[in-house]
Amino acid sequence: MNKNITSFFVANKDNVTVAFESNMADFIKVFQNVEPEARNYQYYYRQFQKGDSFDWNGYHFQQLV
C-alpha cells in the first residue's frame, strides 16, 4: 500500500461500492455526483469523527485506515 495514503473512504449501497477516495473532500464530491440528496461535507466529517463506519439513507460509509 502507498505509505502516503493515511485513510480511504468508501460508500456502499446494496453490497456495491458507489464511491471511494483517499481524501475526504474528494470522496464527498464523488458521492454527491452519485447521490444528489447527499449531505454537506461537515455532516460526513462529524460522522467519521464519531467512528469508522455509519449508515445514512441506505448507504454504508467506512473509513479504512
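1. Start with helix α2, residues 41-50: in this predicted model it lies across β1, β3 and β4. Its direction makes an angle of about 140° with β3.

2. Helix α1 covers residues 24-34 and lies across β1, β2, β3 and β4. Here the angle to take down is the one with β2, at about 145°.

3. Now for what the helices lie across. The sheet is open and has 4 strands, in the order β2-β1-β4-β3, with antiparallel pairing. β2 (16-21) and β3 (53-56) each have a single partner strand, so they stand at the edges with one side left without a neighbour in the sheet. On average, neighbouring strands are turned by 20° against each other, direction ignored.

4. Next, the pairings of β1. Strand β1 (residues 8-13) runs antiparallel to β4 (residues 59-64), and 5 bridges join the two. With β2, β1 also pairs in the antiparallel sense, over 5 bridges. As a reminder, strands of a sheet pair through backbone hydrogen bonds.

5. Which residue is worth clicking on to see both pairings? Try Ala11: Phe61 in β4 stands opposite Ala11, and in β2 the bridge partner of Ala11 is Ala19.

6. One last spot to look at is the turn. The hairpin of β1 and β2 has 2 residues between the strands. Which residue of this hairpin takes a positive phi? That would be Asp14, with a value near 55°.

Notes:
Residues are numbered from 1 along each chain as its sequence is written. This is a predicted model: local features need pLDDT of at least 70, side-chain atom pairs count only at pLDDT 80 or more; totals for chains, interfaces and linings use all residues. Side-chain values use heavy atoms; hydrogens and water are left out. Two strands pair if DSSP finds at least two bridges between them. Axes are lines fitted to C-alpha atoms, for helices over the stretch in contact, and angles run from 0 to 180 degrees between N-to-C directions. Contact means heavy atoms within 4.5 Å.
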